[in-house]
Amino acid sequence: MEKDTMSLLSLIPSEFVLTGLEASDKSEAIHALATLFINKGYVKDSFVDAVLLREEKFPTGLRTLDVHVAIPHCDIEHCIKPGIAVSVLSSPVRFTEMATNDQFVDVEIIFLLAITEPDQQVVWLARLVTLFQTKGFLTMLYNSKNPVEGHKIIIGALQKEAEKETEINIRAL
């Protein structure tokens, strides 16, 4: 699992982190994040529509402790290179809560995934959920003043997670 956490580090370049994104709804927020992928050749033109369609069928809003998040993504055929784009929104946008069709959550941070290997979806989601459960992580990210600070918070948290896993693996020997 340590390898999985470390591999996430390379999937979130600093230019894929936005802070203060203004969006009137989830569609506008997803479009803004997807543009980062499109401009760098990470996804196909079909990506945005595929993400929005999947979000309608399989919602990704999560009611986490302090700051609510969403993890929109789509099937691999719409992605060229793997990546994660992150946005701290200037004000919350409404997503449907995961595993429901009628419960809503006002999301403040979006992690948009471009997944190219089907077996990686569960790995990425598990890693991100672990990160979301890290005390203070989402609050610090939400309060980040700029993309550079936001990126440092994300990378720092992922590195700490990898160190914990290394320690656990060493103890297991």
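**Notebook: a five-strand sheet and its packing**

I started with the sheet: five strands make an open, mixed sheet, ordered E1-E4-E5-E3-E2. Two strands count as paired if DSSP finds at least two bridges between them. Strands are DSSP runs (E, at least two residues), helices are too (H or I, at least four residues), and both get their numbers from the N terminus.

Before going on, I noted that this is a predicted model, where local features need pLDDT of at least 70 and side-chain atom pairs count only at pLDDT 80 or more, while totals for chains, interfaces and linings use all residues. Residues are numbered from 1 along each chain as its sequence is written, and side-chain values use heavy atoms, with hydrogens and water left out.

Which strands stand at the edges? I found E1 (17-21) and E2 (61-62) there, each with a single partner strand, so one side of each has no neighbour in the sheet.

Next I looked at E3 (residues 69-70), which pairs with E5 in the parallel sense over two bridges. In that pairing I spotted Ala70 opposite Ile110 of E5.

Then I checked what packs on the sheet. Helix H3 touches E2, E4 and E5, and its direction makes about 140° with that of E5. Helix H4 (residues 120-132) packs on the sheet too, touching E2, E3, E4 and E5, at about 135° to the direction of E5. For these angles, axes are lines fitted to C-alpha atoms, for helices over the stretch in contact, and the angles run from 0 to 180 degrees between N-to-C directions. Contact means heavy atoms within 4.5 Å.

I counted up the whole chain as well: six helices and five strands, in the pattern α-β-α-α-β-β-β-β-α-α-α. Of its 173 residues, 50% are buried (under 20% relative accessible area; exposed is over 50%, partly exposed in between; 1.4 Å probe, protein chains only).

On to the largest nonpolar core (buried Ala, Val, Leu, Ile, Met, Phe, Trp, Tyr and Cys residues joined through side-chain atoms within 4.5 Å). I see 28 residues in it, and Phe37, Val43, Phe47, Ala85, Phe95, Ile110 and Leu112 touch the most other members. Two or more residues each come from H2 (26-39), H3 (47-57), E4 (83-96) and E5 (104-114). Which element gives the largest share? I got H2, with six residues.

I zoomed in on Ala85: leaving out residues up to four places away in sequence, Ala85 touches Phe16, Leu33, Leu36, Phe37, Ile110, Phe111 and Leu112. Apart from this core lies another, of 27 residues, including Leu113, Phe137, Ile153 and Ala157.
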